[in-house]
Amino acid sequence: MIQVASAAATHVGRVRPTNEDSYLTLPDLVLVADGMGGHACGDVASALTVTAFEPLGTRSCLHADDVTEAVDRANQAIVSEALAHPEKAGMGTTVTGVAVVDEAGAPHWLVFNIGDSRVYRIEGGVARQLTVDHSEVAELVAAGRITPDDARVHPLRNVITRSLGMSPPPVADTWLVPVEPGDLFLVCSDGLTNELDDAEIAELVTRSGDIEAAAAALVEAALAAGGHDNVTVILASTADDRPADTDSLSETDTLTLPRKNLDASDVPA
Ligand code: MN
């Protein structure tokens, strides 16, 4: 039985007045949504996205269609809200995450993305971006017109080319990855990746003792680097309930061991 363990952390940052990022951690799905729009309605768009995905928390088994239908529900909810409240016109949000879905009878990670929030796979001390940013600068990099380093400081770096809250509805990119014990994914908003490069991210996660510590360390490092934007991170791993093979216990494995925290308040007086 595949169990997903997750840890999340979010912070408004050092510059922005409000946190327009939202996130959701369900037993089989985690997501980050980075809201945007005039009149500080980005938080409405990202919260509506979380609301659209919340019903998936009661399912015993998810399929890829459940995720794409939730994406469509989120888009419809944002479009309707903007039509009903003209002051919210133009609000939108990214959404990206991972879900464990049944595909042909076997569990797979479904990675999904709209916008420039990201999913990374952390493996062997390396952070590898799985999602493709839907942004002007990502297209310029892909076309060979600017380098990834140029993209980090480019004036168009905040312009995204696909988001929730659009008509016609946007289509999410999706990827299917077989589930293995020890898998570790990072889901994050650009408030992390605009402050830290991939090597810094991998280093912080790998040297943290567990996913809670890693999530906190990433947010702290983004704040220390300037905290120019809201920052949200989720780490999700497969918590294998088979006995650990101590012969091959690596640093990565220790991140996925099931842990139980006994809070003092849980002890009967
Ligand atoms: Mn952002």
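**Aromatic pairs, cores and a manganese site**

Counted by ring-centre distance, there are two aromatic pairs. The first of these pairs is formed by Phe53 and Phe112, and it is stacked because the ring centres lie 5.8 Å apart with the planes at 10 degrees, under the 30 degrees that bounds stacking. The model is a predicted one, and its protein chain contains eight helices and eleven strands. Of the 269 residues of this chain, 45% count as buried, and residues 24 or more positions apart account for 68% of the contacts with a separation of 6 or more. The chain exposes about 13,000 Å², of which carbon and sulfur atoms supply 53%.

**Aromatic pairs**

- A pair of aromatic rings is described by the distance of the centres and the angle of the planes.
- Phe53 belongs to helix 1 (residues 42-53) and Phe112 to strand 6 (residues 106-114), so their stacked pair ties together parts of the chain that are 59 residues apart in sequence.
- Phe53 counts as buried because its relative accessibility is 0%, under the cut-off of 20%, and Phe112 is likewise buried, with a relative accessible area of 1%.
- Trp109 and Phe185 make up an aromatic pair that is tilted, with 4.6 Å from centre to centre and 55 degrees between the planes.
- This tilted pair also links distant parts of the chain, since Trp109 lies in strand 6 and Phe185 in strand 10 (residues 184-188), 76 residues apart; both Trp109 and Phe185 are buried.

**Nonpolar cores**

- In soluble globular proteins, nonpolar side chains tend to be buried together.
- The largest nonpolar core in this model has 27 residues, and those with the most contacts inside it are Leu29, Leu31 and Phe53.
- At least two residues of this core are supplied by each of strand 2 (21-26), strand 3, helix 1, helix 2 (64-84), strand 5 (95-103) and strand 6, and the largest share, six residues, comes from helix 2.
- Leaving aside neighbours within four places in sequence, Leu29 is in contact with Leu24, Phe53, Leu56, Leu62, Val67, Val98, Ala99 and Phe112, a list that includes both members of the stacked aromatic pair, Phe53 and Phe112.
- A second core, separate from the largest one, has 25 residues, among them Cys188, Ile201, Val205 and Ala215.

**Manganese site**

- The manganese ion is coordinated by the OD atoms of Asp34, Asp190 and Asp229, at 2.1 to 2.2 Å, and in sequence these donor residues are spaced D-x155-D-x38-D.
- Asp34 lies in strand 3 (residues 29-36) and Asp190 in helix 5 (residues 190-193), so this pair of donors ties together parts that are 156 residues apart in sequence.
- Asp34 and Asp190 are both buried.

**Surroundings of Ala214 and Asp133**

- Ala214 is placed in helix 7 (residues 211-224) and counts as buried because its relative accessible area is 1%, under the cut-off of 20%.
- When residues up to four places away in sequence are not counted, Ala214 touches Val205, Ser208 and Leu235; Val205 is one of the residues of the second core.
- The C-alpha atoms of Ala214 and Leu204 are separated by 6.6 Å, although these residues are ten positions apart along the chain.
- Asp133 is found in the loop between strand 8 (126-129) and helix 3 (136-142), and at 14% relative accessibility this loop residue counts as buried.
- The side chain of Asp133 is joined to that of Gln129 by a polar contact of 2.9 Å.
- Not counting residues up to four places away in sequence, Asp133 touches Gly115, Asp116, Ser117, Arg118 and Ala138.

**Backbone exceptions**

- Most residues other than glycine have a negative phi, and most peptide bonds are trans.
- Ala104 has a positive phi of about 55 degrees although it is not a glycine; Ala104 lies in the loop between strand 5 and strand 6, and it counts as exposed because its relative accessibility is 83%, over the cut-off of 50%.
- The peptide bond from Ser167 to Pro168 is cis, with omega near 0 degrees, and Pro168 lies in the loop between helix 4 (148-153) and strand 9 (173-178).

Key
Residues are numbered from 1 along each chain as its sequence is written. This is a predicted model: local features need pLDDT of at least 70, side-chain atom pairs count only at pLDDT 80 or more; totals for chains, interfaces and linings use all residues. Side-chain values use heavy atoms; hydrogens and water are left out. Helices (H or I, at least four residues) and strands (E, at least two) are DSSP runs, numbered from the N terminus. Buried means under 20% relative accessible area, exposed over 50%, partly exposed in between (1.4 Å probe, protein chains only). A polar contact is a pair of N or O atoms within 3.5 Å; within protein, one must be able to donate a hydrogen and the other to accept it, and residues adjacent in sequence count only if both atoms are side-chain atoms. Contact means heavy atoms within 4.5 Å. Rings of Phe, Tyr and Trp (its six-membered ring) pair if their centres lie within 6.5 Å; planes under 30 degrees apart count as stacked, over 60 as edge-to-face and the rest as tilted. Donors are N, O and S atoms within 2.8 Å of the metal (3.2 Å for Na, K and Ca); water is not among the atoms, so sites may look incomplete. Accessible areas come from the Shrake-Rupley method with a 1.4 Å probe; for residues, only the protein chains shown count as cover. A nonpolar core is a set of buried Ala, Val, Leu, Ile, Met, Phe, Trp, Tyr and Cys residues joined through side-chain atoms within 4.5 Å.
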